[in-house]
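Me: Please take a close look at the largest pocket. I would like its lining first, and then the contacts made by the residues around it.

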Amino acid sequence: MGEMEQYRIPNAPASMFYIHDFITEEQEGTIRQSIPANRWVSLSHRRLQAVPARLTATNTLLASPLPTWLTVPVVTRFNDLGIFEGSPHGVNHCLINEYLPAQGIMPHEDGGAYHPVVATVSLGGSIVLDVTEKVQDAAASNQDGAGSWRILQEPRSLLVTTGAAYNDTLHGIADVTEDHDLNGHTVANWSLLGNKQFIEDHQGRNERTVRISLTYRDVKKVSRISSKLFGKAKG
Ligand SMILES: O=C(O)CCC(=O)C(=O)O
């Protein structure tokens with residue numbers, strides 16, 4: 001991942017990387033139009049689709065290739081940058097989340113079902129991801145004293161989370177209509193943003209609009225059964 005070093009977020013847990021304008025507006029539009037309208041699963045606070053499928057109860061992926069609109073150009077560029085270098089299968093799964101204003105996701109970790117690299121491409125509006133150190137002391141009932149960082153994810157950007165950032169932190173998105181107090185002191189990836197002027201012009205505020213995230217991962221446990229059943233096995 002040598003080329004990635006320039007994108008490392010300096011004030012965040014090791015190792016998080018941020019690339020603004022990872023895809024073009026045209027590519028963003030093409031991906032948004034390709035998301036199937038009839039595959040959304042609605043949760044109480046957002047809707048999502050798992051591609052190619054949800055994991056089974058034993059966190060196994062029934063193998064099936066990702067559609068081209070999810071892999072070109074995004075996964076091709078991951079490969080050029082070595083983002084999933086050393087992962088067992090490379091990218092084999094993508095979770096698509098859609099957030100309306102005032103929708104978010106509770107602090108959580110992605111856990112052991114995946115190789116510890118997650119690469120998130122953002123489409124639509126900007127959003128703040130809150131990253132918090134996991135409290136190690138089992139007796140502690142809250143996150144008091146834990147380190148926390150705010151990552152601003154702009155449209156068309158890429159955020160890569162790996163290493164200790166993957167293993168030792170929780171991430172979540174507040175269910176607000178506006179993120180505020182955004183500046184060089186409060187946003188860990190401020191120096192890497194594509195358009196900090198926009199935030200400055202809005203007095204450090206980001207008004208939420210519809211945002212879609214594509215979170216690419218490598219699921220560790222893969223079953224080839226579905227590929228064989230549907231005649232897609234490559235050997
Ligand atoms: O939408 C995002 O950027 C975060 C998604 C997420 O945390 C997840 O899918 O586990």
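The reply starts with the pocket and moves on to ring pairs and salt bridges.

Reply: This is a predicted model, in which local features need pLDDT of at least 70 and side-chain atom pairs pLDDT 80 or more, while totals for chains, interfaces and linings use all residues. Residues are numbered from 1 along each chain as its sequence is written, and side-chain values use heavy atoms, without hydrogens or water.

The largest pocket has a volume of about 590 Å³ (the space filled by probe spheres set on its joined grid points; a pocket is an open set of points on a 1 Å grid where a 1.4 Å probe fits, with protein on both sides within 12 Å along at least five of seven lines, and lining residues have an atom within 4 Å of a point). The lining comprises 33 residues, and Leu95, Asn97, His108, Asp110 and Arg217 are the closest to the centre of the pocket. Strands S3 (47-51), S5 (93-99), S6 (105-108), S7 (117-124), S8 (127-133), S10 (158-162), S11 (169-173) and S14 (211-217) each give two or more residues to this lining (strands are DSSP E runs of at least two residues, helices H or I runs of at least four). Sorted by class, 17 lining residues are nonpolar, 10 are polar and six are charged (charged are Asp, Glu, Lys and Arg; nonpolar are Ala, Val, Leu, Ile, Met, Phe, Trp, Tyr, Cys and Pro; the others are polar).

Two of the central residues meet directly: Asp110 and Arg217 form a salt bridge, 3.2 Å from N to O (the cut-off is 4 Å between a side-chain nitrogen of Lys or Arg and a carboxyl oxygen of Asp or Glu). Asp110 sits in the loop between S6 and S7 and Arg217 in strand S14, so the bridge ties together parts 107 residues apart in sequence. Both Asp110 and Arg217 are buried (under 20% relative accessible area with a 1.4 Å probe; exposed is over 50%, partly exposed in between). Arg217 also lies over the face of Tyr114, 4.6 Å from the ring centre (CZ of Arg or NZ of Lys within 6 Å of that centre and 35 degrees of the ring normal).

Strand S14 takes part in ring packing too. The structure has three aromatic pairs (ring centres within 6.5 Å; planes under 30 degrees apart are stacked, over 60 edge-to-face, the rest tilted). In one of them, Phe78 and Phe84 have ring centres 5.8 Å apart and planes at 40°, so this pair is tilted. Phe78 also pairs edge-to-face with Tyr216, at 5.2 Å between centres and 85° between planes. Phe78 belongs to helix H3 (residues 74-81) and Tyr216 to strand S14, so the pair joins parts 138 residues apart in sequence. Phe78 has a relative accessible area of 0%, and Tyr216 likewise has 0%. Ring pairs link Phe22, Phe78, Phe84 and Tyr216 into a cluster.

The whole structure contains eight salt bridges. One of them joins Arg156 to Asp21 at 3.7 Å, N to O. Arg156 is in the loop between strand S9 (148-153) and S10, and Asp21 is in the loop between strand S1 (16-19) and helix H1 (25-34), 135 residues apart. Arg156 is buried at 16%, whereas Asp21 is partly exposed at 42%. Together with Glu28, Asp21 and Arg156 form a network of salt bridges.

Technical notes. Rings of Phe, Tyr and Trp (its six-membered ring) pair if their centres lie within 6.5 Å; planes under 30 degrees apart count as stacked, over 60 as edge-to-face and the rest as tilted.
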